[in-house]
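This briefing concerns the two-chain structure shown below. Please read it alongside the sequence and the coordinates.

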Amino acid sequence: MTNPLCSQIQRWHDQLTPTMEIMRRLAGSTEHQFLELGEKLQDFALRSSLISTTARNLVELVAGSESAELTNRLRRLFSDMDDYLGRVSAQGGQSCSTLEQIMVQLDNVVQPLEGFQKMDKALRMLSISTKIESARLGELGAGFTTLAMDVEKLSQAVSEKSAGIMIQRQSLTQLINNNLEMVRSTEAHQYADAHAILATTGNNLGTLEQMNSACSETGNQVGLISEEISADIGTVVSSMQFHDITRQQIEHVIEALEKLQQHTCTAMEGSGEACPGLVAETGDICELQTAQMRHAADQLTKATQAILDSMQDIGAKQTQISRDLQQALMGNSSSAEKSLLDTMEQEMHQVTRILQSCDQADQELAGAMQKVTGTMANIGGFVSDIEAVGTEIDLIALNAQIKAAHTGTQGAALGVLAEAIKRLSLDAVTQTEAVSSTLLAINAITAQMEDQSFLSGEGNLHQVAEMEQEARQIISALSGINRSLLQQLSSLASTSESLADDINSTTASIHVHEEVQQQTEQSLHALEQIYSEARAQVPASSEFRDNLRHMEQRYTMDSERMIHEMLAARHGVRLSLQKQQESSGSGSEYGDNVDLF
Amino acid sequence: MAKLIMTADDSASVRQMVSFTLKQAGYDVVEAVDGKDALTKLGTQKVDMLITDLNMPNLDGIGLIKGVRGGSLNKFIPIVMLTTESQDSRKAEGKAAGATGWIVKPFKPEQLIAVVKKVLG
């Protein structure tokens, strides 16, 4: 075989062997890398799905029924405490008013008591005058000495009883003043403090709700991003299949080149007459396979680039999730949330302490009112005694008048004294009536106050204790939820950060397309060189056009047949592939690449 | 209990993606490396569905479908061909052999799951 064309064919034949070797390596070498990538993708998808599930749980935790119920219960409790405080405050005001009324009434007692003191003086003077007159009359006035003694005793009785009433009144005034001071002080400070604390606690609860709401929003955001990640993973799954599709295409190219080699071997064993035809055939096959190979490599590069893009997208989204979660964690964790709940617990404790203090004040008030009642009874006793003194004065006056009448004209002065004693008895009745009516008024007021007092008694103390216990329970439950929230947030943040890092590092390590492109370029360079040299020797044959028609059945993939068609068009041949392609897809609801029979 | 689907493909990476997609949707998956391996496994194991490639060594997809339809244990299961082949003539061949459906690679996960749900009822 001395024909130069034949020598050229031999050279091409030899050149094809290492080129095909590169292609074989190319077809088999990427499998491992794609499998590894597939494993990582599965791992990423699983971890992403877990993040999504945890995020959903997190949303349920902070925005679910349990959390809402606890928050509502706490709000109701604040409202109950506020109502309670309102009633305590109103009661305090009423108590003050009542005590002030009693004070007014006690002032009313002063005048009659002064009247009693005057009566005492008058009685003492009358007693002395009676004694003097009795001494002047001698034996005739002997009976008046006893009368003077009786008047003196009455004077002492009036003095003692009125002094007793005065002491009791002062004691009452002191007691009421003290209670008024206590009630006013409670009103001025504690109620105001409790209202302020309740308002602050309500604000704190609002802040907690806002934090939880922000956290819930983050959870929902994570869920949305996770859905996008799922779509990205779907794109990766689609692109990953191009590894197998490209492998098949390269195998088809190798198959075609192997046949060319066999053909040249067989032909060159002959006389060499077939060499021009072989050159044309070599050009034809290399032209077609160059296009196929280039397309296969481009397809794999595009698919890998799509994988890279999707993975970068997933990585970026995962980084976004991590950042969102870190922010949510910073907003909810550190000391913020813990101190908020601790503060709320302390505030609840303060409020209940105030409520208990109010109860204590009311207990003291109730005790004071009992003392008022007791003192009023004592005063009542003194008043009765003075009433009796008044009656006795009346009797003594009558007795004195009778004795004076018996004494005749010499006892005229004693008659005058008897008249004076009689007037004093009338004064005594008037003064005791004044004191009595004041005491009755005070009694009516205290009785009314006892009826009004709603706080005194064990029931209210229980109510306050129950409110505090419920507040503790709710805050403890909220703390539990928030502990769990923090744990989940922390876990989510670290999981998503670690996932983002892994995805980003995996993405950075994907170079398969570059390696494929590099090896493809080597084999393409060889093929193009052979094709170029062959075409320079012998142009494309008319058989090539026929071959293009016949070869259309060999290429089963759409993409391969499209290249075939494109090349045929370049050589002025019209194939029916496009028509077949259009009819191949059913356009079903599942997509153009799906047919259900 | 999750339904069991067999995937037969000589490409490990395609098997991996099919299994991943199906498992994510809650199905159990058993893999076969070619038609012969699939037929052997289907002789003793009842599955709910078969997803097979067309071009495989030892026994291709058409041969596998014929073997399954000619057997007894999995005779009536839905069989979907998942292949790069898109020619109508090959589809007709698959349909004649007893294929239930035909999906041309590359598939999108949601497409595959929609088809599986459809054919499994």
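The points below cover each chain in turn, followed by selected residues and one helix. The model is predicted. Chain A holds 12 helices and one strand, whereas chain B comprises five helices and five strands.

**Chain A: architecture and dimensions**

- The elements of chain A follow the order α-α-α-α-α-α-α-α-α-α-α-α-β along the sequence.
- Chain A is more spread out than a compact globule, because its radius of gyration is 58 Å, well over the 25 Å that the globule rule gives for 597 residues.
- Taken along the principal axes, the C-alpha atoms of chain A fill a box of roughly 195 × 40 × 30 Å.
- Of the contacts in chain A between residues at least 6 apart in sequence, 91% join residues at least 24 apart.

**Chain A: burial, surface and charge**

- Of the 597 residues in chain A, 49% are buried.
- The accessible surface of chain A amounts to about 27600 Å², and carbon and sulfur atoms account for 51% of this area.
- Chain A carries 41 positive and 80 negative charges, and the mean positions of these two sets lie 5 Å apart.

**Chain A: the surroundings of A:Val109**

- A:Val109 is located in helix H2 of chain A, which spans residues 65-137.
- A:Val109 counts as buried because its relative accessibility is 2%, below the 20% cut-off.
- Beyond its neighbours within four places in sequence, A:Val109 makes contact with A:Ile165, A:Arg169, A:Val435 and A:Thr438.
- A separation of 325 residues in sequence lies between A:Val109 and A:Ala434, yet their C-alpha atoms are 7.5 Å apart in space.

**Chain B: architecture and dimensions**

- From the N terminus on, chain B has the element order β-α-β-α-β-α-β-α-β-α.
- The radius of gyration of chain B is 13 Å, which agrees with the value near 14 Å for a compact globule of 121 residues.
- The C-alpha trace of chain B spans about 30 × 30 × 25 Å along its principal axes.
- For contacts in chain B between residues at least 6 apart in sequence, the share joining residues at least 24 apart is 62%.

**Chain B: burial, surface and charge**

- Buried residues constitute 58% of the 121 residues in chain B.
- Chain B exposes about 4600 Å², of which 53% is supplied by carbon and sulfur atoms.
- In chain B, the mean position of the 16 positive charges and that of the 13 negative charges are 6 Å apart.

**Chain B: the surroundings of B:Arg15**

- B:Arg15 belongs to helix H1 of chain B, which covers residues 12-24.
- B:Arg15 counts as buried because its relative accessibility is 11%, under the 20% limit.
- With residues up to four places away in sequence set aside, B:Arg15 touches B:Thr7, B:Asp9, B:Asp10, B:Glu31, B:Ala32 and B:Val33.

**Chain B: helix H4 and the residue after it**

- In helix H4 of chain B (residues 88-97), the buried residues are B:Arg90, B:Lys91, B:Gly94 and B:Ala97.
- These buried residues lie on the same side of H4(B), because they cover an arc of only 125° around the axis.
- As general background, an α-helix has 3.6 residues a turn, so residues three or four places apart point the same way.
- B:Gly98 follows H4(B) and has a positive phi, near 120°.

How values were computed
Residues are numbered from 1 along each chain as its sequence is written. Chains are lettered from A and ligands numbered from 1 in the order in which they are written. This is a predicted model: local features need pLDDT of at least 70, side-chain atom pairs count only at pLDDT 80 or more; totals for chains, interfaces and linings use all residues. Side-chain values use heavy atoms; hydrogens and water are left out. Buried means under 20% relative accessible area, exposed over 50%, partly exposed in between (1.4 Å probe, protein chains only). Helices (H or I, at least four residues) and strands (E, at least two) are DSSP runs, numbered from the N terminus. The arc is that of the directions from the helix axis to the C-beta atoms. The radius of gyration is taken over C-alpha atoms; the globule rule is 2.2 Å times the number of residues to the power 0.38. Contact means heavy atoms within 4.5 Å. Accessible areas come from the Shrake-Rupley method with a 1.4 Å probe; for residues, only the protein chains shown count as cover. Lys and Arg count as positive and Asp and Glu as negative; His and the chain ends are not counted. The place of a charge is taken as NZ of Lys, CZ of Arg, CG of Asp or CD of Glu.
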